[in-house]
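Hi,

Here is the structure I promised to send over. Please open it alongside this email.

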Amino acid sequence: MLPERRSTVVSYLNPSGQNDHSFLFLRRGKKFGRIVKLKLSHFIFFFVSLFFFSCIFSGHKLLFHGSEILPHFEHNPYMKNHLFTSSELDIGLKQSNIEKPPGSKKRNKHLPCEVALAESVNHILEPEEYLNFNRFSLGFVETETYNNPRFGGHQTLKERERSYSATNQTIHCGFVKGTGFDLSEKDRAYMKNCVVSVSSCIFGSSDFLRRPASKKISEFSKRNVCFVMFVDEQTLSKLASEGHVPDKQGFVGLWKTVVVSNLPYTDMRKTGKVPKFLSHRLFPSSRYSIWIDSKMRLTTDPMLIIDFFLWRTKSEFAISNHYDRHCVWDEVLQNKRLNKYNHSAIDEQFMFYRSDGLKKFDPSDPNSPLPSYVPEGSFIVRAHTPMSNLFSCLWFNEVDRFTSRDQLSFAYTYLKLQRLNPDRPLRLNMFKDCERRALTKLFHHRADSRPPSPPA
């Protein structure tokens, strides 16, 4: 077959068989085609190789960047120049590490884990010896003679130091008369009768109203637990425009809306720390309280939560660790990188804590007093014992004195309280963050068209 096809082609190009130029042209054409094909294959191979090596090079850079051990501020001239004012502090932070590379949009997936709650509230009972904790009398400063009174008072450093002693004393703990966070007498009377409270807050229309999952709440808790949402007038109007109109008793679903007037701080985040930390002041008869951030919806019965985190572990205070960071050094860098607060104010607070003995978190230390030095403070379970109330006041006073970033002051406050009261420890249960996620549903805060600027 092959000779016949070849002769057919030849006879078509040169029917007489005598045109040598035609044969020469044919041979040259075939040779030219082979050369073109060869060069084209080389050209394609070159670009494939170039693309291949480019991918390898890019992948190597990405891998190197992902395993970066130098902190973010070494690559950021602004942070390097403005992060600290002392060389010792700068050296200390150079040894730290933020887990995710700066500017990375990749987020780790944090999933809930199993929590062995009781089957129902009918299967739980407060232990008889549960409240057998340290007992001492704790009073609060309610009036001051200063010309410019402050909600948190004018606490001196000497008073601050003395307040860390777990003894009979009167301390600053917010609510100085005439300084704000005013409530109606009707709401005060309602809150005074609460024995167990679940509270949250929205100020400055910063969030949506997320009602507790009613089907997950037992009839016992609906009758005996106070669900209180603190709001200001602006937020109340915004929520009403979205269909959340309180009834005649002020309820929206399970939430009892309590309107706060004369907010004590211009920083809404700092104002939000008042109900977060001072539930024992707002609910004076309450034995237990649960704080839940407005970005979350409660999907678990509160009595089952109290049983699991407090009664079973014989704890006075329960809070989860942070899902990513465990060292205050890393939390400082993260707050500054994201412009969560004025950088100079963060520096001042951090330097103060370091000078007073705050050390880095060592995950390899089996004797570490906490599994993490950074909490996820959006979910707190408390028994209103004297030691728990004292810790809450001390933590609030740090927020009042320094920045509203309470994750910066948690470890310092707890460690100092433990150090100064070795015979009267606070029974703190720092549980896993995945357990918090199993009890609540997390949402995003209300979107803002403009990025927030760091508070002054």
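Below are some notes on its helices, strands and salt bridges.

Please keep in mind that this is a predicted model.

I began with helix H14 (residues 386-401). Its 16 residues should span 22 Å at 1.5 Å a residue, and the end C-alpha atoms are indeed 22 Å apart, so the two agree. Since 15 of those 16 residues are buried, H14 is largely enclosed by the rest of the structure.

Strand S10 (residues 375-383) is mostly covered too, with nine of its nine residues buried. Strand S7 (residues 288-292) runs antiparallel to S10 and is joined to it by five bridges; there, Ile292 stands opposite Phe379. Strand S9 (residues 317-321) also pairs with S10 in the antiparallel sense, over five bridges, and Phe317 has Arg382 of S10 as its bridge partner.

As for charged contacts, the structure holds 16 salt bridges. Among them:

- Asp433 and Arg436 meet at 2.7 Å, N to O. They sit three residues apart in helix H16 (residues 433-439), so about one helical turn separates them. Asp433 is buried at 5% relative accessible area, and Arg436 is buried at 2%.
- Asp307 and Arg312 meet at 3.2 Å, N to O. Asp307 counts as buried, at 7% relative accessibility, whereas Arg312 is partly exposed at 43%.
- Lys222 and Glu219 meet at 3.6 Å, N to O. Both lie in helix H7 (residues 219-224), three residues apart, and Lys222 is partly exposed at 29%.

Finally, a network of salt bridges links Glu161, Asp356 and Lys416.

Best wishes

Terms used:
Residues numbered from 1 in each chain as written. Predicted model: local features only at pLDDT ≥ 70, side-chain atom pairs only at ≥ 80, totals over all residues. Heavy atoms only, no water. Helix = DSSP H or I, 4+ residues; strand = E, 2+ residues; numbered from the N terminus. Expected span 1.5 Å × (residues − 1). Buried < 20%, exposed > 50% of the residue type's maximum accessible area, 1.4 Å probe, protein only. Pairing = 2+ DSSP bridges. Salt bridge = Lys/Arg side-chain N within 4 Å of Asp/Glu carboxyl O.
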